[in-house]
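This report is for a reader new to the structure. Please look over the sequence and the model before reading on.

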Amino acid sequence: MTDLPISSDLLAEKNKAEDAALANDYSSLGEQLDRRGIDIDVITRNVAAFTVAVPSWGVGTGGTRFARFAGPGEPRGIFEKLDDCAVINQLTRATPNVSLHNPWDQADPKALKAHADALGLGFDAMNSNTFSDAKDQKLSYKFGSLSHTDPAVRQQAIEHNIETIEIGKALGSKALTVWIGDGSNFPGQSNFTGAFERYLGAMKSVYAALPDDWRVFTEHKLYEPAFYSTVVQDWGTNYMIAQELGPKAFCLVDLGHHAPNVNIEMIVARLIQFEKLAGFHFNDSKYGDDDLDAGAINPFQLFLVFNELVDAEHRKARGFSPAYMIDQSHNVTDPIESLMTSAIEILRAYAQALLVDRAALAGYQDGNDVLMANQTLKRAFTTDVGPILAKARLAKGGAIDPVGVYRAAGYRAKVTAERPSSGGNSSGIV
């Protein structure tokens, strides 16, 4: 039996209070879409079927390289993280899977799986960590991990990734995500070619350990923590890695890991075209890897990314099977609220992209009608699909107003009383 953290009676009461207004809004939007030849119920069913994973680390309070300010009621371990993740899924009905981080989330896999099962949760891609040193770790990753000049350090990093695969197998995961912080801060510090060769050699050992039905997602990042050079710094390098490793290797796109003003949606299109798109880490950014809530800064860019995804879905692009996950750092908001609203914004962008008139858009593109091609996208983007999202949540037993129900339930106050503060004096990104 699923053990849901929010009272079902409270959820039903809050939904009942909102149901009549939603019915009117949904009917009105349905009439508008019908005039455009769109069946609102078809869109709603597609939205209801869409899911995005949440990161275990996302339910804790993040930080910067200067300081971390602890939040009230933070989870003290993976079991409490799963409890918080269950709240997000119960109210949004869009986040049934959790992505774990090794070694942050180490626990007995059987106990982990039993707890997740009780909460109605599953497990998404496993994440290894060679960008920081774990307690009692023999060798340090201060000067690199999979690309380190010392073969003993590289071997340690390889073994850690293989260990992460083994944990994932026990939990039912089917993918490994590898991100490294390797790089340099000073000119001359590192030989660019040598570092990349060492990385490829180490990753080939990790790739060889993948089960037949697994995939490996490699993640690029322009800068941070290495500010002069990064070993896996852009999507082109990432694509070369995937090509070099083999058919089970794919390129992960984190929306914050690009230079300012980069056309991320075109990168997505290229990776789809050459069958190497792994999927996404969704967040938003003003300056760099801000890890802000999805859609908080540039919702139009998020829509344009989904426009490419829906286009690939529409034309049944070969090899198209992306994995979706939120990857955010919540420094000044309640992490549960941020993850819920991010899931909603991701679904919003997906629903808007489903409204694009593909035939009309193709015609305008072929006829070089620039204005109308752009307006076709804008018409979909400016449509308020909120009633569709709420109806999809309601149909799956979720909340019409997830944040409202969450606050009414007093969950944060409850866990704050149960979980002593972890303190806020530590420095560094969490």
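The text below takes up the sheet, some helices, the cysteines and the salt bridges of this predicted model.

**The sheet**

Six strands form an open sheet in the order 4-5-7-9-10-11, and their pairing is parallel. Strand 4, residues 126-127, and strand 11, residues 323-326, are the edge strands, each pairing on one side only. Strand 4 runs parallel to strand 5, residues 175-178, and two bridges join them. Met-126 has Leu-176 in strand 5 as its bridge partner.

Helix 8, residues 264-273, lies across strand 9 (249-254) and strand 10 (277-282). The angle at which helix 8 runs to strand 10 is about 155°.

**Helix 2 and helix 4**

Thr-44 is located in helix 2, which spans residues 40-49. Thr-44 counts as buried because its relative accessibility is 8%, and buried means under 20%. Which residues is Thr-44 in contact with, leaving aside its neighbours within four places in sequence? They are Tyr-26, Ile-388, Lys-391 and Ala-392.

In helix 4, residues 109-119, the buried residues are Leu-112, Ala-116 and Leu-119. They lie on the same side of helix 4, because the arc they cover around the axis is only 60°. Helix 3 (78-92), strand 3 (122-123) and helix 5 (151-171) are included in what covers these buried residues of helix 4. Gly-120, just after helix 4, takes a positive phi of about 75°.

**Cysteines**

How many disulfides does a search of the whole structure find? The search finds zero. Cys-85 counts as buried, at 0% relative accessibility. Cys-251 also counts as buried, with a relative accessibility of 1%.

**Salt bridges**

Side chains of opposite charge can pair when their charged atoms come close. The count for this model comes to 17 salt bridges. The table lists some of them, with the distance from N to O.

| Salt bridge | N to O distance |
|---|---|
| Glu-80 and Arg-76 | 2.4 Å |
| Glu-80 and Arg-419 | 3.5 Å |
| Lys-414 and Glu-418 | 3.1 Å |

Glu-80 appears in the table with Arg-76 and again with Arg-419. Glu-80 lies in helix 3, whereas Arg-419 is in the segment after helix 15 (411-418), so their pair ties together parts that are 339 residues apart in sequence. Is Glu-80 buried or exposed? Glu-80 is buried, because its relative accessible area is 17%, and the cut-off for buried is under 20%. Arg-419 is buried as well, with a relative accessible area of 4%.

The side chains of Lys-414 and Glu-418 meet in a salt bridge within helix 15. These two residues are four residues apart in helix 15, so about one helical turn separates them. Lys-414 is partly exposed, with a relative accessible area of 46%. Glu-418 counts as partly exposed too, at 44% relative accessibility.

Which residues do salt bridges with shared partners join into one network? The network consists of Arg-76, Glu-80, Asp-84 and Arg-419.

Methods. Residues are numbered from 1 along each chain as its sequence is written. This is a predicted model: local features need pLDDT of at least 70, side-chain atom pairs count only at pLDDT 80 or more; totals for chains, interfaces and linings use all residues. Side-chain values use heavy atoms; hydrogens and water are left out. Two strands pair if DSSP finds at least two bridges between them. Contact means heavy atoms within 4.5 Å. Axes are lines fitted to C-alpha atoms, for helices over the stretch in contact, and angles run from 0 to 180 degrees between N-to-C directions. Buried means under 20% relative accessible area, exposed over 50%, partly exposed in between (1.4 Å probe, protein chains only). A disulfide is a pair of cysteine sulfur atoms within 2.5 Å. The arc is that of the directions from the helix axis to the C-beta atoms. A salt bridge is a side-chain nitrogen of Lys or Arg within 4 Å of a carboxyl oxygen of Asp or Glu.
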